[in-house]
Amino acid sequence: MHNLEPPYAHNDVKPGNVLLSHRKGKCPLAILMDFGSARPARKQIRSRSEALQLQEWASEHCSAPFRAPELWDCPSDADIDERTDIWSLGCTLFAIMYGVSPFEYALGESGGSLQLAIINAQIKWPAGPKQPYPEEFHHFVTWMLQPQPALRPCIDDIIYHVDKLVTKFSQ
């Protein structure tokens, strides 16, 4: 979808929209579902009114714990693109690894705010003496959760790095 012309964004990547298909004798296959929020990914925002309209649309169509920072607090002069899905993918991978999105901890804190935790990219990795996943996985997810959209990787970068991780950890 990201390589179409024009590119499309799913806009609601989350664990509940990923179906795992177990195939006999093969690795499981992850299938992204529920394209009800999909639309052209690139949108130029040039006024406060347009920014507020985008935020309102996102609040109705994008699950809050997986919503990119620019969809929570959109600047009045911004170029929104398919990298909103990359943010959501990073949140989804974190949730698959640890059972909750990387920012839901804020909901349990006194005075905590999911929105502020996301906008400031305040990730809290589970603590413990022995981490269940290699540090490379943490770096990979953190890379996707770059709060500045222009610095966030694109899907081709993600695919390249997934291939490298698979090669490294399947030996």
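This talk covers the empty spaces, the cysteines and one arginine in a predicted model.

Let's start with empty space. Rolling a probe the size of a water molecule over the atoms shows where empty space is left.

Look at the largest pocket. How much space lies in it? About 1200 Å³. The lining has 32 residues. Nearest the centre of this pocket lie A30, L89, L93, F140 and V162. Which elements give two or more residues to this lining? There are two strands, β2 (18–21) and β3 (29–32), and three helices, α3 (83–98), α6 and α7. Now the chemistry of the lining. We have 26 nonpolar residues, 5 polar ones and 1 charged one.

Next, the second largest pocket. Its volume is about 150 Å³. The lining residues are P69, E70, D73, P75, A78, D79, I80, I119, P147 and P149. Two elements each supply two or more of the residues in this lining: α2 (69–72) and β6 (78–80). The largest share comes from β6, with 3 residues. By type, 7 lining residues are nonpolar, none is polar and 3 are charged.

Now for closed space. How many cavities of 30 Å³ or more does the structure hold? The answer is 1. The volume of the largest cavity is about 60 Å³. Around the largest cavity sit N11, D12, V13, C62, S63, F66, R67, A68, L71, T84, D85 and S88. Helix α3 gives the largest share of that lining, 3 residues. The lining of the largest cavity is mixed: 5 nonpolar, 4 polar and 3 charged.

One name on that cavity list takes us to the next topic. C62 is a cysteine that lines the largest cavity.

A disulfide is a covalent bond between the sulfur atoms of two cysteines. How many disulfides does this structure hold? It holds 0. Take C62: it is in no disulfide, and the nearest cysteine sulfur belongs to C91, 12 Å away. Is C62 buried or exposed? C62 counts as buried, because its relative accessibility is 5%, and the cut-off for buried is under 20%. Then take C154. C154 is in no disulfide either; for this residue the nearest cysteine sulfur is again that of C91, at 18 Å. C154 has 31% relative accessibility, so it counts as partly exposed.

Last stop: R152. Where is R152 found? Find the loop between α6 (135–144) and α7 (155–169), and R152 is there. Why does R152 count as buried? Because its relative accessibility is 2%.

What does the side chain of R152 reach? One partner is the backbone oxygen of R83, at 3.0 Å. Another backbone oxygen, that of P147, lies 3.5 Å from a polar atom of the R152 side chain.

The contact list of R152 goes further. Leaving out residues up to four places away in sequence, R152 touches A68, P69, E70, R83, T84, I86, W87, W143, M144, Q146 and P147.

Some of these names came up earlier. P69, E70 and P147 are among the residues that line the second largest pocket. A68 and T84 are among those that line the largest cavity.

To recap, briefly. The largest pocket holds about 1200 Å³, and 26 of its lining residues are nonpolar. The structure has 0 disulfides. R152 is a buried residue, at 2% relative accessibility, and sits in the loop between α6 and α7.

Notes:
Residues numbered from 1 in each chain as written. Predicted model: local features only at pLDDT ≥ 70, side-chain atom pairs only at ≥ 80, totals over all residues. Heavy atoms only, no water. Helix = DSSP H or I, 4+ residues; strand = E, 2+ residues; numbered from the N terminus. Buried < 20%, exposed > 50% of the residue type's maximum accessible area, 1.4 Å probe, protein only. Polar contact = N/O pair within 3.5 Å; in protein donor to acceptor, adjacent residues only side chain to side chain. Contact = heavy atoms within 4.5 Å. Disulfide = S-S within 2.5 Å. 1 Å grid on protein atoms, 1.4 Å probe; cavity = no way out; pocket = protein on both sides within 12 Å on 5 of 7 lines; lining within 4 Å. Points joined across faces, edges and corners; volume = space filled by probe spheres on them. Nonpolar A, V, L, I, M, F, W, Y, C, P; charged D, E, K, R; others polar.
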